[in-house]
Amino acid sequence: MEQVRTGARPGTVRAWLRRWPRWGLEATGRSPWARGRILASLAVLTAALLAFHSAVPNTVGRVGSLLETFLPWLGLGVPLLLALALLRRSALALVALLIPVAVWGVLFGDRVAAGDGDDAAAPDMTAVQHNVSDVNADPAGTARALMDAGADLIALQELTDSALPVYERTLAPRYPHRAVRGTVGLWSKHPLTGVRAVDIRPRGVGEGWNRGVRAQARTPRGDIAVYVAHLPSVRVQWRGFSSQRRDESAGLLGAELAAEKLDRVILLGDLNSTVDDRGLDPVTARMDSAGEDFAFSWPASFPVSRIDHIMARAATVGGVRTLPATGSDHLPVAAGIEFGR
């Protein structure tokens, strides 16, 4: 008669697991409160990074800015830790996970709610911001797609000498007023005056680099200063997060905004980071980014971050949303702007 074997044979997966150190994935404690201490510690660490991200230093590799650029995605650690806690049957880890969930909700819950809501009243003004890409193969189609939003203002970056006439020709029937300097431009339904370049060049960059323009829009709500900007790109390199030039350019833009004499100001631009990144503090300290819900705009193929922004001063930005993809690696961003009565 064949004997029934109850033990695991040498070399089987079960026998291998039994010999392997138990890192918290196999229940070993008698009480659920004595298991999963490592998982609980990771949950608390996730909450601490979310709540105190500004305390992460930028001295080495600008790790702080890199963390803040993708800060909402840190919440993805919660479902992973939840699965491990359930596998570990750890009540301690499950309770600890409530901490990062609560912190994430405080930081980003309003953005989720803003994205789900619909504004009942039409805004005083609508603006569209789009980095159209300097390798966009269909500038005319891109311009037509942006016009479908019915915006009062359209801001574009990465304009090239060959594509600029196409944008001008296509947008002109509905947007007869424009202000273009270098590779950035503004198209408006309202007259524009006081057009000038805004110098946001970092040190060591030649005079041909022009990524800022300021114009004064004469609207039924009064005169409004409108800025269009494209801050330098950032790179993730082996030495860390390269954002020095972006940060320097943000400081110059912030100084321009601080010196603006008009009360009402609108900023449209590709700022190459999110509002959570401390590198943009000189700008966000001067502008109202309320209503900046997620509306991820980059990269267009799989958006994970919003580096394209519509901000205002002495006004409220709301209903931030992305528009359908164009020939660019960015998605267009649209928003409504409300001015105080």
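**Strands E6 and E7, Gly185 and a helix pair**

In strand E7, Val228 is the bridge partner of Val213. This pairing belongs to a predicted model, in which E6 (residues 212-219) and E7 (residues 222-230) run antiparallel and are joined by 8 bridges. The points below begin with these strands, then turn to Gly185 and finally to two helices.

**Strand E6 and its partners**
- Of the 8 residues of strand E6, 7 are buried, so this strand is largely enclosed by the rest of the structure.
- The connection from E6 to E7 is a hairpin that passes through 2 residues.
- E6 also pairs with strand E5 (residues 192-197), again in the antiparallel sense, over 4 bridges, and here Thr193 stands opposite Gln216 of E6.

**The surroundings of Gly185**
- Gly185 lies in strand E4, which covers residues 184-188, and this glycine is buried, with a relative accessible area of 0%.
- Leaving aside residues up to four places away in sequence, Gly185 touches Ile154, Ala155, Leu156, Leu159, Ala179, Val180 and Val228, the last of these being the bridge partner of Val213.
- Tyr227 is 42 residues from Gly185 along the chain, and the C-alpha atoms of the two are separated by 9.5 Å.

**Helices H7 and H8**
- Helix H7 (residues 139-147) packs with helix H8 (residues 164-171) at an angle of about 35°, their axes being 9 Å apart, and the crossing of H7 past H8 is right-handed.
- From H7, the residues Pro139, Ala140, Thr142, Ala143, Arg144 and Met147 meet Val166, Tyr167, Thr170 and Leu171 of H8; the residues of this contact divide into 7 nonpolar, 2 polar and 1 charged.

Notes: Residues numbered from 1 in each chain as written. Predicted model: local features only at pLDDT ≥ 70, side-chain atom pairs only at ≥ 80, totals over all residues. Heavy atoms only, no water. Buried < 20%, exposed > 50% of the residue type's maximum accessible area, 1.4 Å probe, protein only. Contact = heavy atoms within 4.5 Å. Axes fitted to C-alpha atoms, helices over the stretch in contact; angles between N-to-C directions. Left-handed = near helix turned anticlockwise from the far one by under 90°. Nonpolar A, V, L, I, M, F, W, Y, C, P; charged D, E, K, R; others polar. Pairing = 2+ DSSP bridges.
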